[in-house]
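Good morning, colleagues. Please take a moment to look at the sequence and the coordinates before I begin.

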Amino acid sequence: MADAGQHHDVLVVGGGNAGISLAARLLRDGVRDVAVVESRAVHRYRPLLNYVGGGEATMGSLQRPAERVLPRGCTAIRDEVVSVDPEGPSVTTRSGRRIACTTLVVCPGLDEDWDATPGLREAYADGWAASTFDDDTVERVWPTLRGLRAGRVVFTVPPEPAPCGATALKPLFMACDHWRRAGVLADLDVHLVLPGPSPLGLAGPDAVLERAIASYGVRVHREAVVSAVEDGRVTLATPAGEETLDGVAFAHVVPHYRAPQWVVDGGLAGDTPAGLVDTDPQTLQHRRFPVVWSCGDVADIRTPSSGGALRKQVAVLAANILAAREGGGLQHYDGYTVMPITTSRRRLMLVEVDRDGRPQPSVPVLDLARPRALTWWVDRYALPQVYWRRILRGKV
């Protein structure tokens with residue numbers, strides 16, 4: 001634990017994928033004093049949450065005690081940041097401690113914006129709505145979906161910013177595949193709410209997803225977001241006006257997201273409505289405070305977030321922190337991201353693009369955007385092992 005008034009060379013706010021893997025990389029690169037501020041006692045490999053919602057994983061398989069994933073030599077500060085002074089730079093925690101540093105890295109992830117969807121919290125509590133993006137309700141998703149035999153079901157993809165929002169399609173496709181195999185899909189009225197005109201905004205991958213959506217008979221609401229949830233009713237805001245879906249048996253509604261309020265109050269945010277950190281999308285350095293850096297969901301880097309994107313960001317960010325100290329040139333992050341989406345219970349497509357939507361395949365000789373059983377196996381079983389054994393240790 002940290003003492004009041006302590007100082008660290010590099011202070012990382014956030015002990016998720018971004019914070020832990022960056023701390024590990026910096027320590028491996030020779031930085032002697034790295035501290036991570038994180039309030040949660042449990043670290044989760046979040047991509048597996050969708051598989052929990054599809055009945056293909058358990059919560060126990062995706063989490064570890066936070067102290068076990070902290071890299072050796074790193075200082076753990078079990079606390080929550082409530083304010084920041086980017087000129088210091090320093091942060092203040094909920095316990096009242098002020099922690100100063102030479103370099104500040106802001107990667108706390110995003111907070112749920114419950115106010116953006118009135119009634120959603122209550123619907124979660126009532127049990128007729130849940131989400132694989134929500135730690136508290138994810139374990140209810142699969143038992144509920146598996147037990148449905150008739151009625152109206154609603155799935156949503158959250159608007160940006162969101163933690164790998166496109167993967168909200170996974171529970172939809174896994175559930176539809178199950179219902180088809182169980183012979184009840186025709187008795188279910190399945191709806192999908194998309195924030196844009198197409199699932200991803202990418203012509204080739206969208207064609208694959210649109211065929212899968214049509215094959216399951218899913219009704220799609222495009223350029224729509226959930227504006228309210230109440231008593232089995234889901235209200236949508238669309239370009240044509242308000243639309244209401246009544247008699248909903250179950251709603252997989254992902255909340256909207258925004259940056260933690262202290263990011264905005266501390267002057268770190270840019271002009272995005274969600275208060276994202278005003279970061280240079282290429283160097284990951286703050287535009288106004290050169291000793292402040294950011295990556296991950298909370299950073300305004302103009303590309304959909306993902307674990308694969310973080311691997312690229314962490315490599316660039318670690319190199320740039322050291323280069324900035326030595327007066328060297330900074331590396332550029334090209335906006336690479338990856339969207340792994342199941343189209344059935346055992347097939348998955350892997351969409352890899354840069355910031356401009358150009359394909360950036362990690363295996364050029366194989367079309368990974370074509371749904372395959374092998375790709376599903378890698379996403380479900382191989383990548384979690386890579387995460388625990390290599391990514392969090394700064395080796396990837």
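I shall go through the nonpolar cores, the sheets, and then several individual residues.

A preliminary remark: what you see is a predicted model.

I begin with the interior. Which residues touch the most other members of the largest nonpolar core? They are Leu145 and Trp179, in a core of 64 residues. Helix H6, residues 169-182, supplies the largest share of this core, namely six residues. Apart from this core there is another, of 48 residues, and its members include Leu22, Leu27, Leu317 and Leu350.

Leu145 deserves a closer look. Setting aside residues up to four places away in sequence, Leu145 touches Gly53, Val153, Phe155, Ala175, Trp179 and Phe250. One of these, Val153, will return when I come to the sheet.

Let me stay with helix H6 for a moment, since His178 also lies there. Is His178 buried or exposed? Its relative accessibility is 17%, and the limit for buried is under 20%, so His178 counts as buried. Beyond its neighbours within four places in sequence, His178 is in contact with Trp142, Arg146 and Arg345.

I turn now to the strands. In general, strands of a sheet pair through backbone hydrogen bonds, and the pairing is either parallel or antiparallel. Here, an open sheet of five strands follows the order S10-S17-S11-S12-S13, with parallel pairing. Its edges are strand S10, residues 129-130, and strand S13, residues 219-221, each of which pairs on one side only. Within the sheet, S11 (residues 151-156) and S12 (residues 188-193) run parallel and are joined by six bridges. Val153, which I mentioned as a contact of Leu145, has Val190 as its bridge partner in S12.

Another parallel pair is formed by strand S1, residues 7-13, and S2, with four bridges between them. Leu11 has Ala35 as its bridge partner in S2. What covers the faces of strand S2, residues 34-37, is not specified here, but both faces are covered. Val34 and Val36 on one side, and Ala35 and Val37 on the other, are all buried.

Val36 leads us to helix H1, residues 17-28, where Gly19 lies. Not counting residues up to four places away in sequence, Gly19 touches Val12, Gly14, Val36 and Cys107. Gly19 has a relative accessible area of 0% and is therefore buried. Between Gly19 and Ser305 the C-alpha to C-alpha distance is 15 Å, although 286 residues separate them in sequence.

Thr102 offers another case, in strand S8, residues 98-106. Why does Thr102 count as partly exposed? Its relative accessibility is 37%, and partly exposed covers values between the 20% limit for buried and the 50% limit for exposed. Leaving aside neighbours within four places in sequence, Thr102 is in contact with His7, His8, Asp9, Pro89, Val291 and Arg325. From Thr102 to Trp179, 77 residues apart along the chain, the C-alpha separation is 55 Å.

Finally, the surface. Val363, Val365 and Leu366 form a nonpolar patch there, with about 260 Å² of accessible area together. Val365 belongs to the loop between strand S21 (348-353) and helix H10 (373-389). With a relative accessible area of 80%, Val365 is exposed, whereas Gly19, at 0%, is buried.

Thank you for your attention.

Methods: Residues numbered from 1 in each chain as written. Predicted model: local features only at pLDDT ≥ 70, side-chain atom pairs only at ≥ 80, totals over all residues. Heavy atoms only, no water. Core = buried A, V, L, I, M, F, W, Y, C linked by side-chain atoms within 4.5 Å. Buried < 20%, exposed > 50% of the residue type's maximum accessible area, 1.4 Å probe, protein only. Helix = DSSP H or I, 4+ residues; strand = E, 2+ residues; numbered from the N terminus. Contact = heavy atoms within 4.5 Å. Patch = residues over 30% accessible without salt bridge, like charges linked within 9 Å, V, L, I, M, F, W, Y side chains within 5 Å. Areas by Shrake-Rupley, 256 points an atom, 1.4 Å probe, with all protein chains shown as cover. Salt bridge = Lys/Arg side-chain N within 4 Å of Asp/Glu carboxyl O. Pairing = 2+ DSSP bridges.
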